[in-house]
Amino acid sequence: MGKIVLVTGAARQLGGRFVRRIQRDPGVDRVIAVDAVAPGHRLGDAEFVLADIRQSAIARVLAEHSVDTVVHLDVSAKALGTGGRTTAKETNVIGTMQLLGACQKSPSVQRLVVKSSTNVYGSAPRDPAVFTETTPPKSLPSGGFAKDAVEVEGYVRGFARRRPDVAVCVLRFANILGPEADSPLADYLSLPVLPTVFGYDPRLQFVHEDDVVDVLEIAAREPRRGTLNSGTFNIAGDGVLLLSQCSRRLGRPTVPVMLPAVTWVGSALRTIGMTDFSPEQIRLLTHGRVVSTVQMRETLGFRPEFTTAGTFAEFARSRGPGLLPPERVGRAVGRLADLRLGGGAAGTTHSTHGAR
């Protein structure tokens, strides 16, 4: 018998992609896809179970199918459908508690993979230049998805202590981008004009959604020789981008806002439903965040196909040209430079004639 893998969050694009991918693994016998809403995409040969992980019924699903591998992807900053922040928080925190309780009681569960976020490190002015997996945050996130991720990881550590026989892998993803990205940061970067914090140009890291699916597959398998896929790992593409570089590559102008007024801008954006501009996201767009990926490469044995810059280029192409497309701006700057040089040459000639 091959593995029986249960995947939560199957109705999301990322969850659906992983469900389709893991079915191709020759070591997997069956895939059980779970979500509280029916997916709008195909799931291949996976068996879809309509179940809310916030309810105790998830324990029955694990028992009925003798699941041995659980991949928990239903940890997200945005709720599906019309659900708001409250629904997202309940799914992230209460849903994780129920799922872990079910896993603890299930003797068949042997491996647990949890999607987390580098948001657990927070963003503060005195942060280290680079966070490693063991670096404590200068200040714990006070709310939003970042706080959810901290609580989720706390419950996972408790589960690992109670079930030391289960291999547990926590993947802390940097900001996930790509053509199908659906996150508050993707919403923010899709605005026609980007409000920024006056006087700050944060460093950002991204990971491509294709690489996310690849590393999840590695984490869900038995470890390859010379690697270890149990523990906590930062997952990000190589390199960093400044927010100013992101805006130029998107062709979207920025509007610097004084820090005290940023919260008001965020509230206004939430009111019109354009993006979830939470306080934690404001801190990210103020102080930035960079994480080390040494353990990802040397221990987990994963090397992303896309760099941070490559990931952002894919995202930018999917969003189309902004108000100030880089190519058009480049041509305009070139024409201005030519005019200036031409004017300078004419001025020099006129001056020479005057001297004569």
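Q: Buried means under 20% relative accessible area and exposed means over 50%. With that cut-off in hand, is C246 buried or exposed?
A: This is a predicted model, and everything here is computed from it. The relative accessible area of C246 comes out at 0%. The cut-off for buried is under 20%, so C246 counts as buried.

Q: And what is the relative accessible area of C169, another cysteine?
A: C169 sits in strand β6, which covers residues 167-173. This cysteine is buried too. Its relative accessible area is 0%.

Q: How many disulfides does the structure hold?
A: A disulfide is a covalent bond between the sulfur atoms of two cysteines. To count here, the two sulfur atoms must lie within 2.5 Å. The number of disulfides in the structure is zero.

Q: Let's zoom out: what share of the protein chain is buried?
A: The chain is built with 12 helices and 13 strands. It has 356 residues, and the buried ones make up 49%.

Q: Among contacts between residues at least 6 apart in sequence, what share joins residues at least 24 apart?
A: A contact here means heavy atoms within 4.5 Å. Take the contacts in the chain whose residues are at least 6 apart, then keep those joining residues at least 24 apart. That share is 80%.

Q: Which strands stand at the edges of the seven-stranded sheet?
A: The open sheet has parallel pairing and runs in the order β3-β2-β1-β4-β5-β6-β11. An edge strand has a single partner, so one side of it is left without a neighbour in the sheet. Going by that, the edge strands are β3 (47-50) and β11 (231-235).

Q: By how much are neighbouring strands of this sheet turned against each other on average?
A: The order to walk along is β3-β2-β1-β4-β5-β6-β11. Ignoring direction, the average turn between neighbours is 20°.

Q: Which residue of β11 is the bridge partner of V170?
A: Strands of a sheet pair through backbone hydrogen bonds, either parallel or antiparallel. β6 and β11 pair in the parallel sense over five bridges. In β11, the partner of V170 is T232.

Q: Moving to β4, which residue of β5 is the bridge partner of H72?
A: β4 pairs in the parallel sense with β1 over four bridges, and with β5 over four bridges as well. On the β1 side, H72 is the partner of T8. On the β5 side, H72 is matched with V114.

Q: Which residues point the other way from β4 than T69 and V71 do?
A: T69, V71 and the two residues asked about are all buried. T69 and V71 point one way from the strand. Pointing the other way are V70 and H72.

Q: What is the phi of S66?
A: S66 is in the loop between α2 (57-65) and β4, and it is partly exposed at 41% relative accessible area. Most residues other than glycine have a negative phi, and most peptide bonds are trans. S66 is not a glycine, yet its phi is positive, near 50°.

Q: At about what angle does helix α1 run to β2?
A: Helix α1 takes in residues 13-22 and lies across β1 (3-8), β2 (28-35), β4 (69-72) and β5 (111-117). Its angle to β2 is about 165°.

Q: How many of the 12 residues of α6 are buried?
A: Helix α6 covers residues 209-220, and its end C-alpha atoms are 17 Å apart, which agrees with the 16 Å expected at 1.5 Å a residue. Its buried residues include E209, D211, V212 and A220. The helix is mostly covered, with the number of buried residues being 10.

Q: Within what arc do the buried residues of α11 fall?
A: The buried residues of α11 are T308, T311, F312, F315 and A316. They pack against several elements, among them β7 (175-177), α5 (184-189) and α7 (243-250). Seen down the helix axis, they line one face, because they fall within an arc of 135°.

Q: How far apart in space are Q205 and G237, C-alpha to C-alpha?
A: Q205 is in the loop between β9 and β10 and is buried, with a relative accessible area of 7%. Among the residues it touches are N175, G237, R289 and T308. Q205 and G237 are 32 residues apart in sequence, and in space their distance is 6.9 Å.

Terms used:
Residues are numbered from 1 along each chain as its sequence is written. This is a predicted model: local features need pLDDT of at least 70, side-chain atom pairs count only at pLDDT 80 or more; totals for chains, interfaces and linings use all residues. Side-chain values use heavy atoms; hydrogens and water are left out. Two strands pair if DSSP finds at least two bridges between them. Axes are lines fitted to C-alpha atoms, for helices over the stretch in contact, and angles run from 0 to 180 degrees between N-to-C directions. Buried means under 20% relative accessible area, exposed over 50%, partly exposed in between (1.4 Å probe, protein chains only). The arc is that of the directions from the helix axis to the C-beta atoms. The expected span of a helix is 1.5 Å times one less than its number of residues. Lists of a residue's contacts leave out its neighbours within four places in sequence.
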